[in-house]
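This briefing covers selected side-chain contacts and one backbone feature. Please look over the sequence and the model before reading on.

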Amino acid sequence: MIGGVTIEEYDAYDKETITVGSTAVGFTSSKITNCKVAFCTLDPNGGAIRFWIDGSTPTSTQGHYASPGDSIIIVGTNNIRNFKAIKAGADDGELQVTFKK
């Protein structure tokens, strides 16, 4: 169980790599149709990021903070659709994402 979610209960159906830079980005809309869980890891060799899951646009100083090497699990169709991330420092972050339904 990770973050209160047993990810084994869901089946992986797609994935993507997102470079998180100085412009806020979200998941590719065609990949998240009917998605229930987005399992993300932030590459340990990249930069930290900040993110929101309510549709707000994060800044380099506002939003939930994730350090290189952290995992992020986003549950719920609306939260996944509303996810936006931006880099928190000088280096871009690289987010590896597996989509599950």
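How many salt bridges does the structure hold? The structure, which is a predicted model, holds two salt bridges. They are described below, followed by a residue with a positive phi.

**Salt bridge between K31 and D14**
- K31 pairs with D14 in a salt bridge, and their closest N and O atoms are 3.2 Å apart.
- This pair links distant parts of the chain, with the two positions 17 residues apart in numbering: D14 belongs to strand β1 (12-20), while K31 sits in the loop between β1 and β2 (37-42).
- D14 has a relative accessibility of 29%, so D14 counts as partly exposed.

**Salt bridge between K87 and D92**
- The other salt bridge joins the side chains of K87 and D92, at 3.5 Å from N to O.
- K87 has 18% relative accessibility and therefore counts as buried, because buried means under 20%.
- D92 counts as partly exposed, at 39% relative accessibility.

**Positive phi at N34**
- N34 is not a glycine, yet N34 has a positive phi of about 65°.
- Where does N34 lie? N34 lies in the loop between β1 and β2, and K31 of the salt bridge with D14 is also placed in that loop.
- Is N34 buried or exposed? With a relative accessible area of 52%, N34 is exposed, because the exposed class begins over 50%.

Key. Residues are numbered from 1 along each chain as its sequence is written. This is a predicted model: local features need pLDDT of at least 70, side-chain atom pairs count only at pLDDT 80 or more; totals for chains, interfaces and linings use all residues. Side-chain values use heavy atoms; hydrogens and water are left out. A salt bridge is a side-chain nitrogen of Lys or Arg within 4 Å of a carboxyl oxygen of Asp or Glu. Helices (H or I, at least four residues) and strands (E, at least two) are DSSP runs, numbered from the N terminus. Buried means under 20% relative accessible area, exposed over 50%, partly exposed in between (1.4 Å probe, protein chains only).
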